[in-house]
Amino acid sequence: MVFGLNAGAAGLSKDDLAKSVKLDSLSVPTAGELFAALNKVAKPNWQQQYRKPIPTAFTSRPQIALNLGGLIADGYIAVQAEDSQQVKNIGKDIVALAKTLGVSENVLRRGKCISDFAENNEWSALKEELEATQNEVKQAMEEQHDEELVTLVTLGGWIRGTEVVSAWISENYQPAAAKLLRQPAILAFLRGKLLALPEKAKNDPLVHDIESKLGGIEKLLSFPADKAPTLEEVKALNAAANDLVKEISTKQ
Amino acid sequence: MKRLLFLILAAFPALPLLAATDDEVAARKVVQELAGAFANDGFKLRDGNWTGAIQSKDSLLIQVNLYAGNQYWFSVGATAPAKKMLVTVFDETGKPVEVNSYQNGSTAAAGFSPESSGPYYVRIQEVEGEPASFCLIYSYK
């Protein structure tokens, strides 16, 4: 057994990096990771980031998937706020939305666990349970041959997480927090996945509109590693993310 | 009762999105034992994983996106034909990152706290052994 510091490897070429594997389940961080990082540089009042309950009676499957991802992100916010009632409310909404996709059997079990963990203030376990619930939903989608919806769940969660963090930074600007918004590769990955969707899903009006707006967001997130975005740039990002969140959660 | 529920869930985590082979499931068990040590130190385990086959002397690379200030451990476990595994982390320019490294036969891990947010690349290598199945997972706090 060896423990030690290691930085002696030779570097990788651009070609090596371009050929790297990118996976939905590992290459895209959870909203919980972003919130944990923000907690390192600030003490946000997470309850201020709650939003009004969203509808759970959508008919468009892509819109349901996007909103499921957003609700998972809402779950992380409630866990950060250590608000057991809010966690339980969101857990119920997740199950209600999942039912409309017909993927509720295993998710129902997870929803019960979310409620039980919240009842017992098991915040650490809840963070892992939320991601497990999201993966349970994605697994069910794959089993129902709805693979295209998996990307939309991830995208919905990423948009809501980015909206929340950029909103807080807009009101409490500090460069160290603003640097957390640098996520160009995530958006490049998600946009690539959207472009690879089957024509039917790609031509869904909501998906099409979101894809057209993500290019602008990608530019706002692609600043150099050693530079913090300005307050104006953070506000622009927040406005764009907020616009998408509203569009996703508005019943069509 | 609630604790029992948690233990049951821990034993049966959400299935990965693609069906894994028996060897990949075995590799996942190996790495989950290692990652359990980090969980005891407050690290949250990501539910996703990367499994597959690796050849002797081969290396594989995955992109991850990390946040400055968080601490991360990337852990790999491989099935018995692998004798020695290695995990190395690179920044977005391809430069190796200084990490705390752990190595014990067919398991290995690399831990660090990024100074800047953005993409990083985790390389796993089978340094010694025969073709094997591997599983990579990561933890953060």
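These are my notebook entries on a predicted model with chains A and B.

**Ground rules**

I work from a predicted model, in which local features need pLDDT of at least 70 and side-chain atom pairs count only at pLDDT 80 or more, while totals for chains, interfaces and linings use all residues. Residues are numbered from 1 along each chain as its sequence is written, chains are lettered from A and ligands numbered from 1 in the order in which they are written, and side-chain values use heavy atoms, with hydrogens and water left out.

**Entry 1: chain B on its own**

I started with the fold of chain B. I found two helices and nine strands. Helices (H or I, at least four residues) and strands (E, at least two) are DSSP runs, numbered from the N terminus. From the N terminus on, the order reads α-α-β-β-β-β-β-β-β-β-β.

Next I looked up burial. Chain B has 141 residues, and 55% of them count as buried. Buried means under 20% relative accessible area, exposed means over 50%, and partly exposed is in between (1.4 Å probe, protein chains only).

Then I checked contact range, with contact meaning heavy atoms within 4.5 Å. Among contacts in chain B with a separation of 6 or more, 80% join residues 24 or more positions apart.

**Entry 2: where B meets A**

I turned to the interface. I see 56 residues of chain B in contact with 56 residues of chain A. The two chains bury about 5000 Å² between them, and 58% of that is on carbon and sulfur atoms. Buried area here is the accessible area (1.4 Å probe) that two parts lose on being put together, summed over both.

I then looked up polar pairs. Chains B and A share 21 residue pairs in polar contact, both residues at pLDDT 80 or more. A polar contact is a pair of N or O atoms within 3.5 Å; within protein, one must be able to donate a hydrogen and the other to accept it, and residues adjacent in sequence count only if both atoms are side-chain atoms.

Which elements of chain B supply at least two residues each to the side that touches chain A? I listed helix H1 (2-11) and strands E1 (44-45), E3 (59-66), E4 (72-78), E5 (82-90), E6 (99-104), E8 (118-129) and E9 (132-140). E6(B) gives the largest share, six residues. By class, I noted 31 nonpolar, 16 polar and nine charged residues on this side of chain B. Ala, Val, Leu, Ile, Met, Phe, Trp, Tyr, Cys and Pro count as nonpolar, Asp, Glu, Lys and Arg as charged, and the others, Gly among them, as polar.

**Entry 3: salt bridges**

I searched the whole structure and got 22 salt bridges over all chains. A salt bridge is a side-chain nitrogen of Lys or Arg within 4 Å of a carboxyl oxygen of Asp or Glu. Three salt bridges are between chain B and chain A.

One of these pairs Glu92(B) with Arg182(A), at 2.9 Å, N to O. Glu92(B) sits in the loop between E5 and E6 of chain B, and Arg182(A) in the loop between helix H9 (175-178) and helix H10 (184-195) of chain A. Glu92(B) is partly exposed at 31% relative accessibility. Arg182(A) is buried at 6%.

Within chain B, I looked at Lys141(B) and Asp41(B), whose closest N and O atoms are 3.9 Å apart. This pair links distant parts of the chain, 100 residues apart: Lys141(B) is in the segment after E9, and Asp41(B) in the loop between helix H2 (22-39) and E1. Lys141(B) is partly exposed at 27%, and so is Asp41(B) at 49%. In chain A, salt bridges that share partners join Arg51(A), Asp74(A), Arg160(A) and Glu163(A) into one network.

I also noted Asp15(A) with Lys19(A), at 3.0 Å, N to O. Asp15(A) is partly exposed at 44%, whereas Lys19(A) is exposed at 62%.

**Entry 4: cysteines**

I looked for disulfides, meaning cysteine sulfur atoms within 2.5 Å of each other. The structure holds zero over all chains. Cys113(A) is buried at 2% relative accessible area. Cys135(B) is buried too, at 0%.

**Entry 5: two residues in chain A**

Is Gln134(A) buried or exposed? Gln134(A) is buried, at 14%. This residue lies in helix H7 (residues 123-143). Beyond neighbours within four places in sequence, Gln134(A) is in contact with Ile72(A) and Val153(A).

Leu244(A) lies in helix H13 (residues 231-249) and is buried at 0%. Outside the four-place window, Leu244(A) is in contact with Ile159(A), Ile210(A), Lys213(A), Leu214(A) and Ile217(A).
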